[in-house]
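Here's a quick briefing to read with the model open next to you. Start with the overview, then dip into whichever topic you need.

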Amino acid sequence: MKFDLIIVGGGLAGAALAVALRRSALRIAVIEHAVPRRPEGWDARVYAYSPVSARFLDQLGVWAHLDHQRLAEVAEMRIHGDAGGELVFSAYDSGLEELAWIGESSLVHVEIWESLKRQHNVTLFCPAAPEALEIDEDAATLRLGDGRSLKAALVVGADGRDSWVRERAGIAATITPYGERGVVANFVCERPSRGVAYQWFRADGVLAWLPLPGRHMSMVWSAPDAFADELLGLEAEAFCARVEGAGGRALGKLELAGQRAAFPLRLMRVEETVRPRVALIGDAAHAIHPLSGHGINLGFQDAKALAEVLDALPSWQDAGDLSVLRRYARMRAEEPFLLQYTTHALSRLFGRQDPLSATLRNLGMNLTGRVPVLKNALVRYAANGRF
């Protein structure tokens, strides 16, 4: 079967890329191992969608169809250091409607998938898994596990941090484990968060509370492996008490809503995001520490940039040509690099427990809070991906 574009990975970034090309003449194949579904109750995986990502999803026709009763606006973010440092970001003070939207991964994923199913230029291969990839001068050939063979000018790896496409294309990745796991859980709170997100830099990791609608809250605790094991091993009541105490009971008593989960944290850098007939987007192209909350937004901006490059091609130009793909690579060179190094540096800085480091990092937080121009610039970057 012949296509113009094969997207391996129908997750948020890969599916968004396909939908962004809905008006193009490109024939697109999307390979995904399972149909996304909504879980019972609240999804354990929750993302902070930046305003620029919300606008992108709105352009795709997705945002308006979401159940907005399952989304919460972030109006304020309160960040606490481990020795008296404090920094408050306010949407109102910065002239923004909101800093971000907090919502479940599956909420957006299922809606994008519904758009894909209706798209005239997309063929879905699901459930399906790639088995072999051959790249030659004229095309890339992908063989699926069931024996079907697909050929296209370009293969996009949108298949996550352990990308099969990246490995088969021979693109090297440098992985730096943090020795930490992100412990995630949702809670029903005694008091509503009222649009306030919290983050604490602690000796035992970085703790974030993200507002969900009503009196619900989503937690991410980036904890050293041994402490993560301890948290996961606690009985539900003891676990809630530990989370309450770590957050200074900011939302009162907590009740666990759903199951706990954990995932390993690591920094991943690739030597290149494109090769002839291959491009990487999303977590296949970069993995960052979750303390910035920007991972999913980087993936959406990758999809948007690559779609713009492919949409602008004249019909005679080869989408898999390296000169074409390097346009995408240049567009996406700066933002992931800056966020990777910034979050990595912050993680290392707050991981050091000596008195001098504690004094410097908390002093820096307090000074930033007293310089409105700098603070507002940081808010604008977080909201819009640019200063």
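Helices and strands here are DSSP runs, numbered from the N terminus, with at least four residues for a helix and at least two for a strand. Counted that way, the chain comes to 11 helices and 21 strands. Keep in mind that this is a predicted model. Buried residues make up 54% of the 387 residues in the chain.

**How far to trust it**

- The pLDDT averages 87 over the chain, and 83% of the residues score at least 70.
- Watch out for residues 356-375, where the pLDDT is below 50. That stretch still has 30 contacts in the model beyond near neighbours in sequence.
- Among contacts with a separation of 6 or more, 73% are between residues 24 or more positions apart.

**A three-stranded sheet**

- Strands β3, β7 and β4 form an open sheet in the order β3-β7-β4, with antiparallel pairing.
- The edges belong to β3 and β4, each with a single partner strand, so one side of each has no neighbour in the sheet.
- On average, neighbouring strands of this sheet are turned by 30° against each other, direction ignored.
- Strand β3 (residues 46-49) is joined to β7 by four bridges. One pairing to look up is Y49, whose bridge partner in β7 is W101.
- On β4 (residues 72-74), three bridges make the link to β7. Here A72 has I102 as its bridge partner in β7.

**Strand β7 itself**

- How many of the five residues of β7 (residues 100-104) are buried? Five of the five are, so the strand is largely enclosed by the rest of the structure.
- If you're colouring side chains, A100, I102 and E104 point one way from β7, while W101 and G103 point the other way. Both sets are buried.

**S105, in helix α3**

- Helix α3 covers residues 105-117, and S105 sits in it.
- S105 has 11% relative accessibility, so it counts as buried, the cut-off being under 20%.
- Setting aside neighbours within four places in sequence, S105 is in contact with L12, D43, R45, V46, Y47 and Y49.
- Two elements met elsewhere in this briefing turn up in that contact list: L12 is one of the residues of α1, and Y49 is the bridge partner of W101.

**Helix α1 and A20**

- Helix α1 (residues 12-20) is mostly covered, with nine of its nine residues buried. Among them are L12, G14, L17, V19 and A20.
- As a reminder on helix geometry, an α-helix has 3.6 residues a turn, so residues three or four places apart point the same way.
- Is A20, in helix α1, buried or exposed? Its relative accessibility is 16%, so A20 counts as buried.
- A20 and Q59 are 39 residues apart in sequence, yet 8.3 Å apart in space, C-alpha to C-alpha.
- Leaving out neighbours within four places in sequence, A20 is in contact with F56, L60, A307 and D311.

**Nonpolar cores**

- The largest nonpolar core has 52 residues. Those with the most contacts inside it are I7, L17, I28, I112, F300 and L310.
- What does L17 touch, not counting residues up to four places away in sequence? The list is I7, V156, I281, A303, L306 and A307.
- There is also a second, separate core of 25 residues, which includes V8, I171, M268 and A285.
- A307 is worth clicking on, as it touches L17 and is also in contact with A20.

**Cysteines**

- A disulfide is a covalent bond between the sulfur atoms of two cysteines. You'll find zero disulfides in the structure.
- Why is C240 not bonded to C189? The closest cysteine sulfur to that of C240 is in C189, 9.7 Å away, and that is too far for a bond because a disulfide needs the sulfur atoms within 2.5 Å.
- C240 is buried, with a relative accessible area of 5%.
- C126 has 24% relative accessibility, so it counts as partly exposed.

Terms used
Residues numbered from 1 in each chain as written. Predicted model: local features only at pLDDT ≥ 70, side-chain atom pairs only at ≥ 80, totals over all residues. Heavy atoms only, no water. Buried < 20%, exposed > 50% of the residue type's maximum accessible area, 1.4 Å probe, protein only. Pairing = 2+ DSSP bridges. Contact = heavy atoms within 4.5 Å. Axes fitted to C-alpha atoms, helices over the stretch in contact; angles between N-to-C directions. pLDDT = per-residue confidence, 0-100. Core = buried A, V, L, I, M, F, W, Y, C linked by side-chain atoms within 4.5 Å.
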